[in-house]
Amino acid sequence: AADDTGARLYFNHCAACHGDDAEGTGPVAATMRVATPNLRALAQRNGGVFPVDRVKQIIDSGGMASHGMMAMLAWGKVFNEELGREGRSELINSLAAYLEQLQEH
């Protein structure tokens, strides 16, 4: 199921920084120079609407920190190498759907 895929992807690729609970407190977060965002509050910070397109874009292309430095790996490249363009889109959609389920309203 897509739900399982999204959760598996999250725990394999995202939890080290964003935490098992997605609140930005993963073991690697403490070593980061920029704060790791709480992924459960994405909708809250966007006027109550989950910014699905923005989330997919960040997963795909990476997240910018300040001064042009990448704060987050562009997972799209990783997924693309493993699965090709179609597989990449599928994974990104599954991961975005999983994050949408985690939102606190």
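Helix H3 bends by about 125° at Leu-83, and this bend is a good place to begin reading the model, which is a predicted one. A straight helix of 27 residues would span 39 Å at 1.5 Å a residue, whereas the end C-alpha atoms of H3 are only 20 Å apart. Along this bent helix, the buried residues are Trp-75, Gly-76, Phe-79, Gly-87, Arg-88, Leu-91, Ile-92, Ser-94, Leu-95, Ala-96, Tyr-98 and Leu-99.

Several of these names return in the interior of the protein. In soluble globular proteins, nonpolar side chains tend to be buried together. Here the largest nonpolar core has 21 residues, and those with the most contacts inside it are Tyr-10, Val-55, Ile-59, Phe-79 and Leu-99. Two or more residues of this core come from each of helix H1 (2-18), helix H2 (52-61) and helix H3 (75-101), and H3 gives the largest share, eight residues.

Two residues of H3 can be followed more closely. Once residues up to four places away in sequence are set aside, Phe-79 touches Leu-9, His-13, Ile-59, Gly-84, Arg-88, Leu-91 and Ile-92. Leu-91, which also lies in helix H3, counts as buried because its relative accessible area is 14%, below the 20% cut-off. With residues up to four places away again left out, Leu-91 touches Thr-5, Leu-9, Phe-79 and Leu-83, the last of these being the residue at which H3 bends. The C-alpha atoms of Leu-91 and Ile-59 are separated by 9.8 Å, although the two residues are 32 residues apart along the chain.

The loop between H1 and H2 deserves attention as well. Ala-22 lies in this loop and is buried, with a relative accessible area of 0%. Most residues other than glycine have a negative phi. Phi of Ala-22, by contrast, is near 65°, a positive value in a residue that is not glycine. Pro-51 is found in the loop between H1 and H2 too, and it counts as buried because its relative accessibility is 19%, which is under the 20% limit. Apart from its neighbours within four places in sequence, Pro-51 is in contact with Leu-42, Ala-43 and Asn-46. Its C-alpha atom is separated by 8.8 Å from that of Glu-100, a residue 49 residues away along the chain.

The remaining feature to trace is the largest pocket, which has a volume of about 670 Å³. This pocket is lined by 28 residues, and those nearest its centre are His-18, Pro-37, Leu-39, Ile-58 and Met-72. At least two residues of the lining come from each of H1, H2, strand E1 (63-64), strand E2 (70-72) and H3, while the largest share, five residues, is supplied by H1.

His-18 offers a way of looking at this pocket from a single residue. It is found in helix H1, and its relative accessibility of 9% is why it counts as buried. Leaving aside neighbours within four places in sequence, His-18 is in contact with Tyr-10, Glu-23, Gly-24, Thr-25, Gly-26, Thr-36, Pro-37, Leu-39 and Met-72. Among these partners, Pro-37, Leu-39 and Met-72 are also listed with His-18 as lying nearest the centre of the pocket, and Tyr-10 is one of the residues with the most contacts inside the largest nonpolar core.

Terms used: Residues numbered from 1 in each chain as written. Predicted model: local features only at pLDDT ≥ 70, side-chain atom pairs only at ≥ 80, totals over all residues. Heavy atoms only, no water. Core = buried A, V, L, I, M, F, W, Y, C linked by side-chain atoms within 4.5 Å. Buried < 20%, exposed > 50% of the residue type's maximum accessible area, 1.4 Å probe, protein only. Helix = DSSP H or I, 4+ residues; strand = E, 2+ residues; numbered from the N terminus. Contact = heavy atoms within 4.5 Å. Expected span 1.5 Å × (residues − 1). Bend = angle between axes of the 7 residues up to and from the residue. 1 Å grid on protein atoms, 1.4 Å probe; cavity = no way out; pocket = protein on both sides within 12 Å on 5 of 7 lines; lining within 4 Å. Points joined across faces, edges and corners; volume = space filled by probe spheres on them.
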